Number of protein chains: 4
Amino acid sequence: MSCSFGEKYKITIFGQSHSEAIGVVIDGIPAGIKLDMEKILAFMARRAPGGKAYATRRNESDYPNIVSGVVDGVTCGAPLCAVIVNSDQHSSDYNKLKYLPRPSHADFAAYMKHNGFNDIRGGGNFSGRMTAPMCFAGAVAMQILQEKGITVGAHISSIAGIADSSFDPVNVSADELNEIKVKSFPVIDGEKGEEMLAEIEKARMSLDSVGGVIECAAVGLKPGIGEPVFDGMENVISSAVFGVPAVKGIEFGNGFACTKLRGSENNDPFVMDGDEVKTLTNNHGGILGGISSGMPIIFRVAMKPTASVSVEQRTVNLKEKKEENLVIGGRHDPCIVPRAVPCIEAATAIAIINLL
Amino acid sequence: MSCSFGEKYKITIFGQSHSEAIGVVIDGIPAGIKLDMEKILAFMARRAPGGKAYATRRNESDYPNIVSGVVDGVTCGAPLCAVIVNSDQHSSDYNKLKYLPRPSHADFAAYMKHNGFNDIRGGGNFSGRMTAPMCFAGAVAMQILQEKGITVGAHISSIAGIADSSFDPVNVSADELNEIKVKSFPVIDGEKGEEMLAEIEKARMSLDSVGGVIECAAVGLKPGIGEPVFDGMENVISSAVFGVPAVKGIEFGNGFACTKLRGSENNDPFVMDGDEVKTLTNNHGGILGGISSGMPIIFRVAMKPTASVSVEQRTVNLKEKKEENLVIGGRHDPCIVPRAVPCIEAATAIAIINLL
Amino acid sequence: MSCSFGEKYKITIFGQSHSEAIGVVIDGIPAGIKLDMEKILAFMARRAPGGKAYATRRNESDYPNIVSGVVDGVTCGAPLCAVIVNSDQHSSDYNKLKYLPRPSHADFAAYMKHNGFNDIRGGGNFSGRMTAPMCFAGAVAMQILQEKGITVGAHISSIAGIADSSFDPVNVSADELNEIKVKSFPVIDGEKGEEMLAEIEKARMSLDSVGGVIECAAVGLKPGIGEPVFDGMENVISSAVFGVPAVKGIEFGNGFACTKLRGSENNDPFVMDGDEVKTLTNNHGGILGGISSGMPIIFRVAMKPTASVSVEQRTVNLKEKKEENLVIGGRHDPCIVPRAVPCIEAATAIAIINLL
Amino acid sequence: MSCSFGEKYKITIFGQSHSEAIGVVIDGIPAGIKLDMEKILAFMARRAPGGKAYATRRNESDYPNIVSGVVDGVTCGAPLCAVIVNSDQHSSDYNKLKYLPRPSHADFAAYMKHNGFNDIRGGGNFSGRMTAPMCFAGAVAMQILQEKGITVGAHISSIAGIADSSFDPVNVSADELNEIKVKSFPVIDGEKGEEMLAEIEKARMSLDSVGGVIECAAVGLKPGIGEPVFDGMENVISSAVFGVPAVKGIEFGNGFACTKLRGSENNDPFVMDGDEVKTLTNNHGGILGGISSGMPIIFRVAMKPTASVSVEQRTVNLKEKKEENLVIGGRHDPCIVPRAVPCIEAATAIAIINLL
């Protein structure tokens, strides 16, 4: 079923962009955890559009009201449900889209899947808005992971081809990951960040959009986590990460680049680091045979340019079965990559907590 | 659990490289299907090493003995179990590896996971040999898909950076996919294939290995297949494909390349093709919001160079906790990409049949 | 995970007796179904305490607010979430119970499971109140089943040993099942119902409680539904039905009685009924080898007497590790069997819809 | 999927009564366990027909050949597959049954489910023979449980209405459970056992069969095991136990009898036993709210009389759509209850190990 993920820390997401509410049920949280709501809200704020230049001007209200699973702020072992009420939605913006699928959106596929009964308003349950409850569940997972010494963090690796520095795959640290989280624009190299912002602004001025790559790391995992074959770390992380809209690719370690290397170049030699076994390089991205090696988990995610652009586009009228032109109104992010950074972190945290 | 995949067509793989047998249980095959064993064996032969220049010289016997689920060659609705007996294994080759993990192999991670009780012989259940039962299950899935008008096929997209032509993402046909399947070296452009083979031979002569990229397509899917969020086609296909050893990345449609495009360039316009809705281009790889659009499914998979190279490598002795050098003996593929082509097809077919 | 059930029609229940809200997410409802809210509310009202003599005097408000999955009253294919706000709860009633587990309640087991962090108020998520969202999900399932010609219905088979008539296992009809649903006290034989009510009243006057048996039937299932071994109809129905608090046993067909019969007496002869195959008797309860035979599904469920009785009971103080006496205050049903009837129907409908 | 059970200790059973082999894949066995094959074979022998008076005269060979998951007799963390080759099967006995469903067997239901392609020979995968791999998986589970101090055991509670003594629900001990396991006829009261054997012999002489009840206990479980609602101990145990053919009912604690008691009689007072909390009585069967209470788990299972009786029976010819009489030949158990005792133990062990 599409809205659930995981066995040990099972999340079930519900809602559509313009339904009365969206939310998530989390089953499998241990009892006795005092939720750090300040940290959870700070995490969710990174995803929220809140007036950032590169983000939509909509005023989404993302407060997660925890209606079950908690007594006096402490988890009680029962499933935790957080409900986020939808408000300030301009459903009328979408009325004319009912039979005019927006290119690169799920509209047409959803129409065919649900025989025309799909909720077209705001993209329905295919909307990026569904990442709000995902981020809530991810923030809770991160708090639990933190207590086990595991930190997940990500940054914008590139936007429109402008590349940030990369994480050092061998030495990336929890501190480094946490420092990026408090930046308003999550890059390592601030100057590159400025260039990216300029490129996003250019795209906005052209009523267009740009895509990018997010690099994510997880540090603090002991070796031996994950299962072979179908429940390896790569299988499970990719399975969660493709749950974030607009993701079109994922690569672990040096990924596609390793396909041009020889084995002798790509293999990471094992070395002793005091009493612990490490690898000298980390082309494998911390995962061997689906199992953690104890080195940092490193992967990159390709995010397509926002599908909602305001230039005129060709589409078809599904009712009248004829071609038509379409101009999408409303307010849309010219680049969703910055806001997607915490979403990728959340998906990763949810994947990892299920593998422990 | 790591050895099972799918809900509707659930496969459960068992065995290790050097255990008495390997095999697969398939639960969910409809009753009444006359298995085309000739086709199944032909498919599995594409994966088998059988004396090809680029493959290991081992003489694996891959005959799948169907011990249940079939009466007189026709499925009876009960789980089908196929057992492949292991033979001609040189377990002694691996004895010295018990405490000397091979770089880029799962040895170390498995040792840590299983407290040193992991089966080191031939890589145990992390071995590429486990793709034999996966290919059996994939071949059966393909026969069922074929009857529904769906064809899955793949080719070598590149080896060591030498690129084959690409599938035409809009017009790739079942015939084209089937033609490649009968080639001894699965490329579109035979000359590029020769170059690749030369590069593989060079790597072999240097006791080294090379990696590559596989491009896979599926045609004939109606629009509307897949589920939003966590059970989208991308989630499920990637989850299956990372079950093939050595896969380090996957990208759908134009994948990482789309991150450099603007939305107006990347969006695929909808057009009418007679009574049917198509897209003019197929940057989305046939998947929108996790749901099939009716256009060909297209994705590429990054495969790392074979980890087993015969040049001397640095590793550690896990027992004595000190560094050591290692020379891997035995017979190994200098490039597993060609033999991995049917494995990727199999994983894809298994993923798709579970989504229908 | 405990709060989810099913693969095709997956329900995820959340909430505790005294949490802000309780509810259910249903994933897998087909798009395009116009929910019959009147029928759903009527069904839920059968479970609600609403001032019936045999029920608690609490004034539970059970209105299911559908916050997602529906557009203009019609399902849109996205997960449907219904939220029921808790109100009129006297949490202080439970304060003293924190360390004084009520006999026959889950208090002690939950305390041990959750290290004392369990929500003790009203039984937390072990409360019978959790059957309200289950009934909502069951009512929706029943509407879908109805369209497929399947009807589920139940009656009180006995209370405190006073037995109602039984369904005719061969001829029980949808009409008969539906007739019982509109009765305020769901028995076949009204006189027996009066006797039961008198017995319940006697128990109430003694500050005590009584248990009973519910008989449930499902008609309209075609033969061939269910899976062998672990996903048979008996496995799946019992797995759902034990989700209703206070259920301690289940038997299909003639159940425990068949253990005293000879095979020649217990076997149900096959006969032709026009063109259809039927059985002359229905000792097998409509299920053979886990698969539906086309005869009515018949089973009975044992429900223990309400654990909350107001007579003084022996218990222990978990903090001080000493024995203590306990008098449970608050308002409690002297018999939950009548209100459990729709709950058993709901669990059955949810089980069956997952098997189709 | 029907052939798999469990998430942590997942078993996947394959095979039909007369297929080339039957077997089981177990995923989730920890690495490093030295399998006690002698104990496993002794356990399986209790299920095997081996010439016992009350059992079929067939000479089934039940040796489980472990083809994977083990290195030198020690588990290696990879899925364990055990294959049992079928031999000495008289398939011709079943040829005439193809269109003549045996009353009370799965034949008709399976025929309808699989469109006539079901394997009719020996009952196909509905055969009691499928309990052989289940017993293997149960024996392995029991070995692991034993190391955690948990013992599962069962006895014949009644046959044809002749009742054995019951386990003392409060004081039943591991020793007592183990003593019954070495008895050739597993009852507490040997004299009652003689009466039962006489009754079975009488049934055999009349070409008929008898059913019975099995009582099962599990001791050594700490309080707090199990999940509320749908993954409680009752849900999971019943879900496994109904996987044993011929089971038609299950009741926990005092089960159906509690429906005639008042709450004050049925509630089990908590008392201190040294530092531990116990209950004075155990009407709840060791399970409260789906969670273990620390008291012995107690439940009873109803098993119908063997469906295969040799007296003439009425049935229908599915091909010719007319009624016919049937005399079943071959060799069949006049009572399967004694051989089912270890099967119930196995199912219970598999259920419990998945709940830990």
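# Notebook: a predicted four-chain model, looked up piece by piece

**Helix α7 of chain B.** I began with α7 of chain B, where I found B:M233, B:E234, B:N235, B:V236, B:I237, B:S238, B:S239, B:A240 and B:V241 to be buried. Since nine of the nine residues of this helix, residues 233-241, are buried, I noted that α7 of chain B is largely enclosed by the rest of the structure. I should add at the outset that I am reading a predicted model, so each value in these entries is computed from it.

**Cysteines.** How many disulfides does the structure hold over all chains? I found zero. To see why, I looked up A:C76, and its sulfur lies 12 Å from the closest cysteine sulfur, which belongs to C:C3, so the two are too far apart for a bond. I also noted that A:C76 is buried, at a relative accessible area of 2%. I then turned to B:C135, which is likewise in no disulfide, its nearest cysteine sulfur being that of B:C343 at 3.8 Å; because a disulfide needs the two sulfur atoms within 2.5 Å, this pair does not count as one. B:C135 is buried, with a relative accessible area of 1%.

**Chains C and D as copies.** Next I looked up how chain D can be laid on chain C, and a turn of 180° with a shift of 0.0 Å along the axis does this at an RMSD of 0.0 Å. I therefore wrote down that the two copies are related as by a two-fold rotation axis. Which residues do the copies use to meet? I found that 100% of the interface residues of chain D are also interface residues in chain C, so the copies meet through the same surface.

**The interface itself.** I found 97 residues of chain D in contact with 97 residues of chain C. The area buried between the two chains is about 7,700 Å², and carbon and sulfur atoms give 63% of that area. Of the area that chain D buries against chain C, I noted that 11% is supplied by D:F230, D:K248 and D:F270, which is more than any other three residues supply.

I then turned to the polar side of this interface, where the rule finds four salt bridges between chain D and chain C. One of the salt bridges I looked up joins the side chains of C:E234 and D:K248, with N and O at 2.9 Å. The rule also finds 36 residue pairs in polar contact across this interface, both partners being at pLDDT 80 or more. Strand β11 of chain D, residues 247-252, gives the largest share of the side of chain D that touches chain C, namely six residues.

**D:G263, seen from both chains.** I placed D:G263 in helix α8 of chain D, residues 263-266, and found this glycine buried, with a relative accessible area of 0%. What does D:G263 touch, leaving aside its neighbours within four places in sequence? I listed C:D208, C:S209, C:P305, C:T306 and C:V309 as its contacts.

**Positive phi angles.** Most residues other than glycine have a negative phi, and I looked up two that do not follow this. C:A246 has a positive phi of about 85° although it is not a glycine, and I found this alanine in the loop between α6 (233-241) and β11 (247-252) of chain C. C:A246 is partly exposed, at a relative accessible area of 21%. For D:L207, phi is near 60°, again a positive value in a residue other than glycine. D:L207 sits in the loop between α6 (190-205) and β10 (212-219) of chain D, and it is partly exposed, with a relative accessible area of 46%.

**Salt bridges.** Over all chains I found 64 salt bridges. In chain C, C:E201 forms one with C:R204, their closest N and O atoms being 3.4 Å apart; both residues lie in helix α5 of chain C (residues 190-205), three residues apart, about one turn of the helix. C:E201 counts as partly exposed at 33% relative accessibility. In chain D, the side chains of D:K192 and D:E195 meet at 3.9 Å, N to O, and both lie in helix α6 of chain D, three residues apart, about one turn of the helix. I noted D:K192 as partly exposed at 28% relative accessibility, and D:E195 as partly exposed with a relative accessible area of 39%. Last, I found A:R47, A:D62 and A:R129 joined into one network by salt bridges that share partners.

Technical notes. Residues are numbered from 1 along each chain as its sequence is written. Chains are lettered from A and ligands numbered from 1 in the order in which they are written. This is a predicted model: local features need pLDDT of at least 70, side-chain atom pairs count only at pLDDT 80 or more; totals for chains, interfaces and linings use all residues. Side-chain values use heavy atoms; hydrogens and water are left out. Buried means under 20% relative accessible area, exposed over 50%, partly exposed in between (1.4 Å probe, protein chains only). Copies are superposed by least squares on the C-alpha atoms of residues with pLDDT of at least 70 in both. Contact means heavy atoms within 4.5 Å. Buried area is the accessible area (1.4 Å probe) that two parts lose on being put together, summed over both. A polar contact is a pair of N or O atoms within 3.5 Å; within protein, one must be able to donate a hydrogen and the other to accept it, and residues adjacent in sequence count only if both atoms are side-chain atoms. Helices (H or I, at least four residues) and strands (E, at least two) are DSSP runs, numbered from the N terminus.
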